[in-house]
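Reader: I should like to learn how a protein model is read, step by step. May we work through one together?

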Amino acid sequence: MNITRPAWQLEFSVHVRELDEQHKRFFSLLAGLHDALAGEHRGGVAAADTISALREYAILHFSTEEKLMAKHHYPDFDEQKKEHDAFFDTLSEFGKMRSDEERTLEHRILEFMRGWLITHILNVDKKYMSFFNSNGVF
Ligand SMILES: [Fe+2]
């Protein structure tokens with residue numbers, strides 16, 4: 001698995017302060033999960049709690065983005081909504097597999113979320129950057 005600790009980087013900036021702050025928080029929760037899995041006791045309750053916290057945070061973050069997009073009539077809203085919904089669909093799939101090898105599963109969830117978040121920010125969120133800025137949202 002990728003052992004690099006998840007971290008927000010300047011290249012992930014979408015030039016909208018609130019959304020950058022939320023993306024940073026998302027990465028710091030991922031770092032918490034990474035630490036829980038790398039720790040001496042390897043996973044267990046701490047990792048499960050962090051995964052729930054990440055799911056809750058994703059709900060909050062996606063809703064912030066979607067409200068802002070709806071408010072400004074963002075043309076690629078549907079693409080965003082579809083990706084956000086697919087994130088939860090994938091998480092639910094992991095939920096069904098949970099009883100097998102818990103630790104392995106938690107690592108896979110971390111890698112899925114990290115990969116999803118980075119790809120989503122760079123390929124999909126970046127597209128709203130100039131749209132929001134030109135609508136006076138920074
Ligand atoms: Fe998004």
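Author: The dialogue below goes from the overall fold to single residues. Please keep in mind that this is a predicted model.

Reader: Where does one begin, and how many helices and strands are there in the chain?

Author: One begins with the secondary structure. The chain holds four helices and zero strands. Read from the N terminus on, the order of elements is α-α-α-α.

Reader: How does one judge the overall dimensions, and what does the C-alpha trace span along its principal axes?

Author: The C-alpha trace spans about 50 × 30 × 20 Å along those axes. A second guide is the radius of gyration, which is set against the value for a compact globule. For 138 residues that value would be near 14 Å, and the chain has 16 Å, so the two agree.

Reader: What share of the residues in the chain is buried?

Author: Buried residues account for 21% of the 138 residues. A residue counts as buried if 20 or more other C-beta atoms lie within 10 Å of its own, and as exposed if there are 12 or fewer. Another view of the fold comes from contacts between residues at least 6 apart in sequence: 67% of these in the chain join residues at least 24 apart.

Reader: Let us turn to one element. How does one check the length of a helix such as H1, and why is its span said to agree with expectation?

Author: The idea is to compare the distance between the two ends with the rise per residue. At 1.5 Å a residue, the 22 residues of H1 should span 32 Å, and the end C-alpha atoms are 31 Å apart, so the helix agrees with expectation.

Reader: Which residues of H1 are buried?

Author: The buried residues in H1 are Leu19, His23, Phe26, Phe27, Leu29, Leu30, Leu33, His34, Ala36 and Leu37. Some of these names return when we look at the core.

Reader: Which residues touch the most other members of the largest nonpolar core?

Author: That core has 21 residues, and Leu30, Leu33, Leu54, Leu110 and Met113 touch the most other members. The elements giving two or more residues to this core are H1, H2 and H4. H1 gives the most, with eight residues. One can also follow a single member: leaving aside residues up to four places away in sequence, Leu110 touches Leu30, Leu33, His34 and Leu37.

Reader: How should I read the backbone angle phi?

Author: Most residues other than glycine have a negative phi, so a positive value deserves a second look. Here His15 has a positive phi of about 60 degrees, although it is not a glycine. His73, also not a glycine, has a positive phi of about 55 degrees.

Reader: Where do His15 and His73 lie?

Author: His15 lies in the segment before helix H1, which covers 17–38. His73 is placed in the loop between helix H2 (44–71) and helix H3 (77–97). As for their surroundings, His15 counts as partly exposed because it has 14 C-beta neighbours inside 10 Å. His73 has 9 such neighbours inside 10 Å and therefore counts as exposed.

Reader: How does one find residues that are far apart in sequence yet in contact, and which residues does Met129 touch?

Author: One sets the separation along the chain beside the separation in space. Met129 is found in helix H4, and it touches Val14 and His15 when residues up to four places away in sequence are not counted. Met129 and Ser13 are 116 residues apart in sequence and 8.8 Å apart in space, C-alpha to C-alpha. With 15 other C-beta atoms within 10 Å, Met129 is partly exposed.

Reader: What is the corresponding picture for Arg108 and Phe94?

Author: Arg108 lies in helix H4. The C-alpha atoms of Arg108 and Phe94 are separated by 8.6 Å, and the two residues are 14 apart along the chain. Arg108 counts as partly exposed because it has 14 C-beta neighbours inside 10 Å.

Reader: Finally, is Ser134 buried or exposed?

Author: Ser134 has 9 C-beta neighbours inside 10 Å, so it counts as exposed. Its place is in helix H4, residues 102–134. Ser134 and Lys67 are 67 residues apart in sequence and 17 Å apart in space, C-alpha to C-alpha.

Notes
Residues numbered from 1 in each chain as written. Predicted model: local features only at pLDDT ≥ 70, side-chain atom pairs only at ≥ 80, totals over all residues. Rg over C-alpha atoms; globule rule 2.2 N^0.38 Å. Contact = placed C-beta atoms within 7 Å. Core = buried A, V, L, I, M, F, W, Y, C linked by C-beta atoms within 7 Å. Expected span 1.5 Å × (residues − 1).
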